[in-house]
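Good morning, colleagues, and thank you for making time for this presentation. Please take a moment to look at the sequence and the structure before I begin.

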Amino acid sequence: MRNKIIFGILIFSFVSNIFFSIRYGDEKMDHEWGILVNNFFETGIFGYFKINGEVTPSLYMPPLYAFFLILLKLFIGELETVLNITYIVQSLLFVFSSYYLFKIINKFYSYRVSLCMMIIYSFFPLNIYAVSQISSIIFQTSFFIFFLYYMISFLEYDNSIDIINASSFAGLLILLRGEFIVTFLIFLFLVLNKKKIKFILIYLLVPLLIISPYLIRNYKVFDTITITKSFGYNLWKGNNDLAKVAGNPGILSDKIKSDLSNIKDLKKHDLIRDEMFKSYALENLKNDPLKYFKLYIKKILSFFFLDLDSLYPNYYNFFHLVPKVLISILTLFGLIYYDKKNYYLNIVLFLLTVNILLFSVFFILPRYSLAILPLQMIIITAFIDNLFRRKYKK
């Protein structure tokens with residue numbers, strides 16, 4: 001009976017996501033993903049920037065989601081079908097990840113409470129909206145939930161299959177979001193604590209095998225071993241004279257425009273460009289540290305609660321605003337009630353804290369809330385569990 005209830009909820013979630021995507025989803029590939037895909041099919045080069053009609057090899061964007069879109073278009077071609085298949089894949093990923101989030105929560109709390117949290121997560125408005133967008137965020141949150149589930153299972157039982165599964169998703173996440181490397185290193189420390197060479201090698205080698213083709217590509221093109229080089233630009237975008245919580249919308253000074261136009265090595269354009277932006281950002285931070293520290297605190301509060309100065313389209317939409325505020329408040333209640341002696345829940349809280357502090361170094365977009373939502377849901381469960389216990393004691 002329990003399995004039927006879970007299955008029914010997940011099927012309803014899947015159908016709802018597909019309906020919403022067809023009705024309200026993106027009708028084209030735009031922004032970064034559209035540029036990467038179009039440039040690849042026009043020139044055969046995986047690149048974002050076009051300088052004097054020449055596409056430069058990309059080091060700016062994480063590659064995995066773009067590769068997914070390129071493969072779909074390569075085999076299918078017709079845009080509408082590509083978009084629909086993307087929505088189906090994202091809906092499936094989301095549904096499976098909702099179930100795995102249920103499994104994580106069920107490790108610490110009852111079936112009834114875990115089911116309640118799965119329902120909240122499955123029908124969280126921003127999640128439903130994200131499924132309908134050409135964006136990597138659903139891949140990111142889904143893979144992270146899978147990774148977290150298998151890592152916790154491994155830490156509990158020392159199972160080789162769990163560490164292989166976790167390491168596989170770690171490799172995909174490294175190709176998907178550059179900042180995941182921080183989470184990867186945190187769990188590397190926990191794996192090292194097991195003091196078993198087999199587990200350490202699996203955790204290191206499996207992701208390396210997954211990312212190695214792209215590492216080799218970047219070494220051949222840029223003479224450097226890296227996945228992406230966007231740290232400098234992202235740091236500048238969130239820390240310059242015009243930057244707000246969501247960063248600078250791309251307004252460049254005449255000096256920066258002039259410096260960028262003087263980049264001669266187009267093959268290494270993305271690498272040189274990012275180094276230049278890093279120097280601009282560090283100069284800003286050095287010249288007025290107090291100003292940017294205040295902005296950093298504002299970004300932290302806006303990330304966790306609400307950006308009161310947001311100019312982002314539809315940011316103040318009821319279906320975004322109210323759920324976000326409620327989740328923030330419930331997370332605070334969860335911090336009061338969660339079991340401080342539970343090793344795994346402390347890991348979750350640590351990851352939540354690190355992610356908030358890390359993202360806020362750069363800039364905060366509304367969709368970034370989804371990156372920490374699974375961790376918030378686990379913390380919130382402590383408060384919901386307390387409510388259930390009080391109710392059924394009466």
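When I speak of a contact, I mean heavy atoms within 4.5 Å. I should also say at the outset that what you see is a predicted model.

With that definition in hand, let me begin with Ile-300, a residue of helix 14. Setting aside residues up to four places away in sequence, Ile-300 touches Ile-356, Leu-357 and Ser-360. The last of these partners merits a closer look: Ile-300 and Ser-360 are 60 residues apart along the chain, yet their C-alpha atoms are separated by 5.5 Å. Is Ile-300 buried or exposed? Its relative accessibility is 17%, so Ile-300 counts as buried, the cut-off being under 20%.

I remain with helix 14 and turn to its packing. Two packed helices are described by the angle between their axes and the distance between the axes. Helix 14, which covers residues 289–304, packs against helix 15, residues 318–337, at an angle of about 100°, and the two axes are 9 Å apart. Because angles of 65 to 115 degrees count as roughly perpendicular, helix 14 is described as roughly perpendicular to helix 15. Which residues meet there? On the side of helix 14 they are Ser-302, Phe-303 and Phe-304, and on the side of helix 15 they are Lys-324, Ser-328, Thr-331 and Leu-332. By character, the residues of this contact divide into three nonpolar, three polar and one charged.

The loop between these two helices holds two residues that I wish to set side by side. Asp-307 lies in the loop between helix 14 and helix 15, and Asn-314 has its place in that loop as well. Asp-307 is buried, with a relative accessible area of 7%, whereas Asn-314, at 63% relative accessibility, counts as exposed. Leaving aside neighbours within four places in sequence, Asp-307 is in contact with Val-245, Ser-302, Tyr-315 and Tyr-316. Ser-302 will be familiar, as one of the helix 14 residues that meet helix 15. As for Asn-314, its backbone has a positive phi of about 65°, although Asn-314 is not a glycine.

A second residue of this kind is found elsewhere in the chain. Asp-158 is not a glycine either, and its phi is positive at about 55°. Asp-158 lies in the loop between helix 7 and helix 8. With a relative accessible area of 27%, Asp-158 is partly exposed.

That brings me to helix 7 itself, which spans residues 137–157 and includes Gln-140. Gln-140 is buried, at a relative accessible area of 11%. Not counting residues up to four places away in sequence, Gln-140 touches Leu-173, Leu-176, Arg-177, Glu-179, Phe-359 and Ala-371.

Now to the aromatic residues. How many aromatic pairs does the structure hold? There are 45. Tyr-150 and Phe-169 form one of them, a stacked pair with 6.4 Å from centre to centre and 5° between the planes. Tyr-150 belongs to helix 7 and Phe-169 to helix 8, residues 160–176, so this pair ties together parts that are 19 residues apart in sequence. Tyr-150 is buried, with a relative accessible area of 13%, and Phe-169 also counts as buried, at 18% relative accessibility.

A further pair is formed by Phe-154 and Phe-199, whose ring centres are 4.8 Å apart; with their planes at 80°, the pair is edge-to-face. Phe-154 lies in helix 7 and Phe-199 in helix 10, residues 197–222, so here the parts tied together are 45 residues apart in sequence. Both Phe-154 and Phe-199 are buried.

Finally, I turn to charges placed over rings. The charged end of Lys-237 sits over the ring of Phe-363, at 4.5 Å from the centre of that ring. Likewise, Arg-273 lies over the face of Tyr-233, 4.7 Å from the ring centre. Arg-273 also has a place in my last comparison: Ser-261 and Arg-273 are twelve residues apart in sequence and 10.0 Å apart in space, C-alpha to C-alpha. Ser-261 is found in helix 12, residues 254–261, and at 52% relative accessibility Ser-261 counts as exposed.

Thank you for your attention.

Conventions
Residues are numbered from 1 along each chain as its sequence is written. This is a predicted model: local features need pLDDT of at least 70, side-chain atom pairs count only at pLDDT 80 or more; totals for chains, interfaces and linings use all residues. Side-chain values use heavy atoms; hydrogens and water are left out. Helices (H or I, at least four residues) and strands (E, at least two) are DSSP runs, numbered from the N terminus. Buried means under 20% relative accessible area, exposed over 50%, partly exposed in between (1.4 Å probe, protein chains only). Rings of Phe, Tyr and Trp (its six-membered ring) pair if their centres lie within 6.5 Å; planes under 30 degrees apart count as stacked, over 60 as edge-to-face and the rest as tilted. A charge sits over a ring if NZ of Lys or CZ of Arg is within 6 Å of the ring centre and within 35 degrees of the ring normal. Axes are lines fitted to C-alpha atoms, for helices over the stretch in contact, and angles run from 0 to 180 degrees between N-to-C directions. Angles under 35 degrees count as roughly parallel, over 145 as roughly antiparallel, 65 to 115 as roughly perpendicular and the rest as oblique. Ala, Val, Leu, Ile, Met, Phe, Trp, Tyr, Cys and Pro count as nonpolar, Asp, Glu, Lys and Arg as charged, and the others, Gly among them, as polar.
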